[in-house]
Amino acid sequence: MNALASLFAALMNLPERPMRWAQGRLSGGRLGWVFVAPNLAVFAVFTFLPIAIDLHYALTGGTNLLPAERPFVGGDNFASLLDCSNHFDASSCRRDLFWYGIWNTLRFVVFQVGLMLVFSLLTAIVLNSKIIGRGFFRAVFFYPVLLSPVVVALIWKWILQREGILNAGFIGAGITPVNWLLHGNWAFFWSVFVSIWAHMGFYTLILLAGLQAIPAEIHEAAAMDATPPWRHFQRITLPLLMPSVLVVFVLGLIRAVQIFDEVYVLTGGGPGTATTFIVQYIYKTGFADQVRQYGLAAAASLLLAGVLLVLTLIQLRGMKRG
Amino acid sequence: MGRFLAATRGFGRWDWTDWAAHAYLVLGVLVMLGPVLWLGLSSLKSESGLLVFPPTLLPYEQASVAVEGRGNLKLFHVTAGEYAGHDLAEVRRLGLQSQLVDPAAPATLIRLPLDSRVPVTRLRAAWENYSGLFEQFDFLRYLWNSVFITAVATILTLLLNSMAAFALSKYRFAGREPVFLLMLATLMIPPTIVLVPNYLIAATLGLTNSPWGVIWPAVATPTGVFLLRQYMLTLPDELIEAARMDNASEWRIYWRIVLPLSAPALAVLAIFSVMWRWNEFLWPMVVLSRSESFTLPLALNAFQGELTTQWNFLLAMTMVTLIPVTVIFLALQRHITQGIASAGVK
């Protein structure tokens, strides 16, 4: 361990000489560029350049990965994705899976974000009241946040399987067992449930911090005036907590739109297309299908990016106000 | 006594909201922790123990006994008839009948109806589920891949992000603000958006099926730069000026003064980075297609997708993936929750 530490120290001393040289040549703060450069270079290669390449892919067709060998097709990829005889009926669309993905994602976002907001707010309020063992309970609610989505999915798959403990409990209670992940609506319900289970601790923590930032004097003043609890919450706590609620809402929205990992492992997008979401469409089209249609995947990515951009701008505006 | 309880807000003074709050929390513990505990208990059951339905809470296993000339036989307790109260070993089943022998006198075959015997079970943790991971699977390789990616990516993240944060907080140069805004803007470009082009870039650079293909795209995090910059802004500039007076090089100032002083923020970022890399799924799945380059989550996913899922190994593998994160959490719980509450990032 000591040898490792000294090796590390020696490594970190290596840049000393070239940096001194650069320091002699660059005046003022321009040495700052040297410090920023490595990080910026990685950003350039893996974030900014890809956006440009995304555009190129979206405007070209074929299945070739090499950009130079892809024929230009203009807006064909976008047109193909958006080609529906009835936009409210996914089965009437040329790329029906894309539209199943959109509608499922929309449905998922409404339920997941809505319910998660309610439960994390409720949990934060309970954790903020006078309770025994607050640290313990806070840790318990937060713990699943740290788990790998694959682990989360497998934990629940084990519980929800046909001969799992949930069905055993149902039989014990005299209720007919259900094949949870093989019924479209149940699979969707569990996708929402599991993703709330895995993430609500994070949002609870933000809301709890928001609650604790409200000065105690305000609550005391309200208590002096004998404000009824519900009115107290509605007129005092909630308005003061609004900035945190907005952060949680938009962060939750941004993440929910990109739902993939845990649901993909839990249900594989099925049964049928019941839990296929938009990111799974991108992954499937670009990487998992026999014929890899990079152009379609890139076009779908850009459409998703547009949605995320709008959401982020709303968040930034909200944060500025908060 | 009554006065004492009342003074310290004992149970006697609980109103219904206190009861409701604690009931909610206890239910919450059951829902949040129960599934993980169930996974842990199940991972200690033997392959046959897992097939028992309804499942038992603890890892029970049917006892077996070595019978001379017949090998290992399963043990049953006879509940009715002439042999009631005896423990007999089952040789085979014939329709609704069972052929059993007394382990002490294996020569005489005893026929009994199936419903007059119950399995003899005993509590035993099937640790072979865990040791089997190392014997039957390339588990060490997956573990190593995950550890390598997590460790190297975290070190590089800390280095690159802190260098950038140092420049953005302690230097004045033309373009500082645009660079900072540019880095913040990358928050709006999540990896899901750039899957296809990043795959091309990784392929061009020869990074597919290599741990570096997972490491490089991940090391320049906007979150990290932002977190460290905010922290470094609070460090007094006088320290740096004093070091310059002593003719320390700028690199030395960064490496020997600013970096050690930023330890709390670096620790928060290190925890984040470890969690991100250890748990990452979609991008590794795209860039690592050969099984020998798989990380633990990828191996888990591939393994669970196989038709004949061996749940005993899968559960053990899931537990092993979960344990490091759990240990880190138990050790650093306070830092993690405070770090997240203050940074508002994940």
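Reader: Where does Asn247(B) sit?

Author: Asn247(B) is in the loop between α10 (237–245) and α11 (250–261) of chain B. Keep in mind that this is a predicted model.

Reader: What makes Asn247(B) exposed?

Author: Count its neighbours: 7 C-beta atoms lie inside 10 Å of Asn247(B). A residue is exposed if that count is 12 or fewer, so Asn247(B) gets the label exposed. Its backbone is worth a look too, since Asn247(B) has a positive phi of about 65° although it is not a glycine.

Reader: Why is Asn209(B) called partly exposed?

Author: Asn209(B) has 16 other C-beta atoms within 10 Å. The buried label needs 20 or more, and the exposed label needs 12 or fewer. A count of 16 falls in between, so Asn209(B) is partly exposed. You'll find Asn209(B) in the loop between α7 (195–204) and α8 (211–215) of chain B. Asn209(B) also has a positive phi, near 60°, and is a residue other than glycine.

Reader: And Val26(B), buried or exposed?

Author: Exposed: Val26(B) has 11 other C-beta atoms within 10 Å, and 12 or fewer is what the label asks for. Val26(B) belongs to helix α2 (residues 16–42) of chain B. Its C-alpha atom is 45 Å from that of Asn198(B), with the two positions 172 residues apart along the chain.

Reader: Which helix of chain A meets α2(B), and how do they cross?

Author: One such helix is α6 (residues 134–142) of chain A: its axis comes within 9 Å of the axis of α2(B), and the two cross at roughly 35°. The crossing of α6(A) past α2(B) is left-handed. Phe137(A), Val140(A) and Phe141(A) in α6(A) meet Leu25(B), Gly28(B), Val29(B), Met32(B) and Leu33(B) in α2(B). By class, that contact has seven nonpolar residues, one polar and no charged.

Reader: How many residues does each chain put into the whole contact?

Author: Chain A gives 80 residues and chain B gives 76 residues. On the chain A side, the largest share comes from helix α3 (residues 31–58) of chain A, with 19 residues. Sorted by class, the side of chain A that touches chain B has 59 nonpolar, 14 polar and seven charged residues.

Reader: What makes α9(A) and α11(A) roughly antiparallel?

Author: Look at the angle: the axes of helix α9 (residues 184–212) of chain A and helix α11 (residues 229–257) of chain A cross at roughly 165° and come within 8 Å. Angles over 145 degrees count as roughly antiparallel, so α9(A) and α11(A) earn that description. The crossing itself is right-handed. Tyr203(A), Ile206(A), Leu207(A), Gly210(A) and Leu211(A) in α9(A) meet Leu241(A), Ser244(A), Val247(A), Val248(A) and Gly252(A) in α11(A). Those residues divide into seven nonpolar, three polar and no charged.

Reader: Why are α5(A) and α9(A) called oblique instead?

Author: Helix α5 (residues 96–128) of chain A and α9(A) have axes that come within 7 Å and cross at roughly 45°. Roughly parallel needs an angle under 35 degrees, and roughly perpendicular starts at 65. An angle of roughly 45° fits neither, so α5(A) and α9(A) are oblique to each other. Here again the crossing is right-handed, and the contact has 16 nonpolar, nine polar and no charged residues.

Reader: How do you know that the length of α9(B) fits a helix?

Author: Helix α9 (residues 222–233) of chain B has 12 residues, which at 1.5 Å a residue should span 16 Å. The end C-alpha atoms of α9(B) are 16 Å apart, so the two values agree.

Reader: What makes α9(B) mostly covered?

Author: Nine of the 12 residues of α9(B) are buried, among them Val225(B), Leu227(B), Leu228(B), Arg229(B) and Tyr231(B).

Reader: Then why is α10(A) said to lie largely in the open?

Author: Helix α10 (residues 216–224) of chain A has nine residues and the number buried is zero, so α10(A) lies largely in the open. Just after α10(A), Ala226(A) takes a positive phi of about 55°.

Reader: What is the peptide bond from Gly270(A) to Pro271(A) like?

Author: That bond is cis, with omega near 0°. Pro271(A) is in the loop between α12 (261–267) and α13 (278–288) of chain A.

How values were computed
Residues numbered from 1 in each chain as written. Chains lettered and ligands numbered in written order. Predicted model: local features only at pLDDT ≥ 70, side-chain atom pairs only at ≥ 80, totals over all residues. Contact = placed C-beta atoms within 7 Å. Helix = DSSP H or I, 4+ residues; strand = E, 2+ residues; numbered from the N terminus. Nonpolar A, V, L, I, M, F, W, Y, C, P; charged D, E, K, R; others polar. Axes fitted to C-alpha atoms, helices over the stretch in contact; angles between N-to-C directions. Parallel < 35°, antiparallel > 145°, perpendicular 65-115°, else oblique. Left-handed = near helix turned anticlockwise from the far one by under 90°. Expected span 1.5 Å × (residues − 1).
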